[in-house]
Amino acid sequence: MTNAEIDPERLAALLDGRLSGRDRDAVVEQLAASEEMLAVYADAVAVSGAEEGNAARTGDPVRVTPLRVRRRWVPRAAALAAVLAGLVAAPWQWNRMRAAPPGPGRFAVLLERSGGGLPADWESRPWSSTRGAGDGLSENARAARLGALQVDLRVAVAAGDRPAAELLLAQIQGHLDNMPSGGLAADPYRRLQSGEGEAAPLLKDGEQTVADLVPADWLRAGAWAEGASLAARRGDARYFRSAESRAALAAIGRLEGLPPDAASAAERLRRRSVSTADEGVDFAAARSDADALLGALGS
């Protein structure tokens, strides 16, 4: 393999999908042989993703700008070839996946580190109990409730708590069945309830279909708040200190139409998450704020 630099125009052509056959193979071979050129390609992917986002907002066509070689240290890895293949095969998809915000499944995974199932009073919700699944909830409130329910369902399934999982599945389907196109979104949950497939892929499919149906930012907000309430009950400080939690709280603070009491609770939680690196977490206060946030989001 050669370590010669790749011409910027050829690098741009690779990124833009205009190389094929031997030309493409040759450039891929050069990238695989040079950490420096791989770094340049990664930079190009990131820049192109930003340009694509700008184009979506402004309506201007996407333009791939050839980059100069910039020296940067990139760690060697045994999986370099596999990573490179993924970058070349689908750079736009790779860039979007890197930037994708965490969803209910990820918040449930964060909780797995502290272990345990749902608390005994998990059915007690901080939002109004006078409303059912189909009685005029706003789409934002319904999304927040679905996010919380999805986190609880993940926790129940992981703990092998079938009674709780059955009830949560019914609650999720109740929300979806009262929404336009919700019947299709509920299909993974119906299949899970009937035991037609493996739980993990069905949970993932369900979360994706719901995220496509409801306001996804409110869905994630409800999921994070429910996870925070569970983490506070478990004494799980790592949940609050995680990068995912900080990103989620920043996103919650940017929600349009966020009630003032929810904004206040989110800000208190944000301050707690950034100030507890060397201190203990006040879990009672954290649970109170998480429940207040979830109640405001889901009401």
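The protein has 16 helices and zero strands, where helices (H or I, at least four residues) and strands (E, at least two) are DSSP runs numbered from the N terminus. What we have here is a predicted model, so local features need pLDDT of at least 70 and side-chain atom pairs count only at pLDDT 80 or more, while totals for chains, interfaces and linings use all residues. Residues are numbered from 1 along each chain as its sequence is written, and side-chain values use heavy atoms, with hydrogens and water left out.

Now for the overall picture. Of the 299 residues in the protein, 42% are buried; buried means under 20% relative accessible area, exposed means over 50%, and partly exposed is in between (1.4 Å probe, protein chains only). The accessible surface comes to about 15,100 Å², and carbon and sulfur atoms account for 50% of that. These areas come from the Shrake-Rupley method with a 1.4 Å probe, and for residues only the protein chains shown count as cover. As for contacts (heavy atoms within 4.5 Å), take those between residues at least 6 apart in sequence: 73% of them join residues at least 24 apart.

Next comes the inside. The largest nonpolar core holds 59 residues, and L153, L176, W224, I252, L293 and L297 touch the most other members. A nonpolar core here is a set of buried Ala, Val, Leu, Ile, Met, Phe, Trp, Tyr and Cys residues joined through side-chain atoms within 4.5 Å. Helix α12 (residues 216-234) gives the most to this core, with 10 residues. For a feel of the surroundings of L297, set aside residues up to four places away in sequence: L297 then touches N140, A141, A144, W218, A221, G222, A225, L255 and L258.

W224 turns up again among the aromatic rings. A search of the whole structure finds three aromatic pairs. Rings of Phe, Tyr and Trp (its six-membered ring) pair if their centres lie within 6.5 Å; planes under 30 degrees apart count as stacked, over 60 as edge-to-face and the rest as tilted. W224 and F240 form an edge-to-face pair, at 6.5 Å centre to centre with 85° between the planes. W224 lies in helix α12 and F240 in helix α13 (residues 237-241), so the pair ties together parts that are 16 residues apart in sequence. Both W224 and F240 are buried, and together with Y239 they form one aromatic cluster.

Helix α7 (residues 139-159) is worth a look too. At 1.5 Å a residue, its 21 residues should span 30 Å, and the end C-alpha atoms are indeed 30 Å apart; the expected span is 1.5 Å times one less than the number of residues. This helix is mostly covered, with 15 of its 21 residues buried. After α7 comes G160, with a positive phi near 70°. V155 is found in α7 and, at 5% relative accessibility, counts as buried. Neighbours within four places in sequence aside, V155 is in contact with L111, G116, G117, L118, L230 and R234. V155 and E112 are 43 residues apart in sequence, yet their C-alpha atoms are 7.9 Å apart in space.

That leaves the charged side chains. Side chains of opposite charge can pair when their charged atoms come close. A salt bridge is counted when a side-chain nitrogen of Lys or Arg is within 4 Å of a carboxyl oxygen of Asp or Glu, and by this rule the count comes to 13. One of them joins D177 and R190 (3.7 Å, N to O). This pair links distant parts of the chain, 13 residues apart, with D177 in helix α8 (residues 162-177) and R190 in helix α10 (residues 187-194). D177, at 48% relative accessibility, is partly exposed, and R190 is partly exposed at 33%.

Helix α15 (residues 260-275) holds both R270 and E267, three residues apart, or about one helical turn. Their side chains meet in a salt bridge (2.8 Å, N to O). E267 also forms a salt bridge with R271 (3.5 Å, N to O); E267 and R271 are four residues apart in α15, about one turn of the helix. Elsewhere, salt bridges that share partners join D121, R233, R287 and D291 into one network. Back in α15, R270 is partly exposed at 34%, E267 is partly exposed at 30%, and R271 is partly exposed at 44%.
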